[in-house]
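Welcome! Below you will find some short exercises, each with a worked solution to follow at your own pace. Have a look at the model first, then try each task before reading on.

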Amino acid sequence: EYRNCIGEPSGQKVQRFEEVLQYFTHGELFNIDRSWPALSEMGAVMQKYPDAIYQAVIKSPVQTEYLDFFQRCPQKYMYMPIVYSMKDIEKVLSYPDINVVGVEAIVKGEDSELFQKDNIKWIHDQGLFVWINTIMLGGSDVFILSGGHNDNMALLEDAGPAWGTLIERGYNVLQTDWPFQLNRYRTKSVR
């Protein structure tokens with residue numbers, strides 16, 4: 001049960017993964033994140049909900065054990081590796097039986113390989129989308145995910161150098177805690 005801001009029970013419970021899967025029956029795409037410690041268990045639950053199997057985009061770090069799971073899994077889930085370099089992407093693409101649909105690019109700074117337009121174009125040329133996370137998870141350098149072009153910059157300073165730069169670079173998906181504001185920016189500013 002969730003607790004409220006003063007530490008008391010809120011009356012609201014966390015929904016179990018299986019409960020959530022029951023609602024994905026109309027073609028909605030959804031992202032399954034942080035499931036990599038339990039991929040086999042996740043797969044077993046998803047087998048009960050065939051609609052959800054074809055709607056879920058599952059992500060994980062680029063580690064051999066996870067890539068081996070997706071390679072040998074008879075169900076070809078849509079897969080999105082979390083990548084830090086072009087080498088990561090090349091490793092994932094060396095597995096011919098993984099249904100890679102896109103990549104989540106972790107960009108520590110503008111000098112990152114995954115911030116360069118030519119590399120983003122190359123990724124697109126492989127038939128993949130490029131996702132970047134603009135959410136601010138904390139003040140540490142560990143949490144720099146979009147090269148400083150983040151939600152805080154967009155909301156507190158100027159959306160152009162934040163979200164606009166990422167859109168102009170060619171990122172297809174901006175993960176944000178502020179979808180209304182991002183949509184409003186895109187509607188008014190991106191042509």
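## Exercise 1: A residue in a helix

Leu-67 sits in helix H4, which covers residues 64-72. Keep in mind that this is a predicted model.

**Task.** Work out whether Leu-67 is buried or exposed, and find which residues it contacts beyond its neighbours within four places in sequence.

**Solution.**
- Step 1: The relative accessible area of Leu-67 is 0%. Buried means under 20%, so Leu-67 is buried.
- Step 2: With neighbours within four places in sequence left aside, Leu-67 is in contact with Val-62, Tyr-79, Lys-91, Val-92, Tyr-95 and Ile-98.
- Step 3: For a distance along the chain, take Ile-32, which is 35 residues apart from Leu-67; their C-alpha atoms are separated by 16 Å.

## Exercise 2: Two arginines

**Task.** Say where Arg-72 is placed and where Arg-34 lies, then decide whether each is buried or exposed.

**Solution.**
- Step 1: Arg-72 belongs to helix H4. Arg-34 is found in the loop that runs between strand S1 (30-32) and helix H2 (39-46).
- Step 2: Exposed means over 50% relative accessible area. Arg-72 has 60%, so it is exposed. Arg-34 has 64%, so it is exposed too.
- Step 3: Look at the backbone of Arg-34: its phi is near 65 degrees, a positive value in a residue other than glycine.
- Step 4: Now go back to Arg-72. Its C-alpha atom and that of Ile-98 are separated by 8.3 Å, with the two residues 26 apart along the chain.

## Exercise 3: Side chains that reach a backbone nitrogen

**Task.** Which backbone nitrogen does the side chain of Ser-112 reach, and which backbone nitrogen lies 2.8 Å from a polar atom of the side chain of Asn-133?

**Solution.**
- Step 1: Locate Ser-112 in the loop between strand S4 (102-105) and helix H6 (117-125). Its relative accessibility is 12%, so Ser-112 counts as buried.
- Step 2: The side chain of Ser-112 reaches the backbone nitrogen of Leu-114 at 3.1 Å. Apart from neighbours within four places in sequence, Ser-112 is in contact with Ile-106 and Val-107.
- Step 3: Turn to Asn-133, which is part of strand S5 (residues 129-133). A relative accessible area of 7% is under the 20% limit, so Asn-133 is buried.
- Step 4: The nitrogen 2.8 Å from a polar side-chain atom of Asn-133 is the backbone nitrogen of Ile-135. Not counting residues up to four places away in sequence, Asn-133 touches Glu-104, Leu-145, Ser-146 and Gln-175.

## Exercise 4: The chain as a whole

**Task.** How many helices and strands does the protein chain have, and what does its radius of gyration say about how compact it is?

**Solution.**
- Step 1: The protein chain has nine helices and six strands.
- Step 2: Its radius of gyration is 18 Å, close to the 16 Å that the globule rule gives for 191 residues, so the chain is as compact as a globular protein of that length.
- Step 3: The C-alpha trace spans about 50 × 45 × 35 Å along its principal axes. Of the 191 residues, 43% count as buried.
- Step 4: Among contacts with a separation of 6 or more, 52% come from residues 24 or more positions apart.
- Step 5: The protein chain exposes about 11000 Å², with carbon and sulfur atoms supplying 51% of it. The mean positions of its 18 positive and 25 negative charges are 2 Å apart.

Notes: Residues numbered from 1 in each chain as written. Predicted model: local features only at pLDDT ≥ 70, side-chain atom pairs only at ≥ 80, totals over all residues. Heavy atoms only, no water. Helix = DSSP H or I, 4+ residues; strand = E, 2+ residues; numbered from the N terminus. Buried < 20%, exposed > 50% of the residue type's maximum accessible area, 1.4 Å probe, protein only. Polar contact = N/O pair within 3.5 Å; in protein donor to acceptor, adjacent residues only side chain to side chain. Contact = heavy atoms within 4.5 Å. Rg over C-alpha atoms; globule rule 2.2 N^0.38 Å. Areas by Shrake-Rupley, 256 points an atom, 1.4 Å probe, with all protein chains shown as cover. Lys, Arg positive; Asp, Glu negative; His and termini not counted. Charge placed at Lys NZ, Arg CZ, Asp CG, Glu CD.
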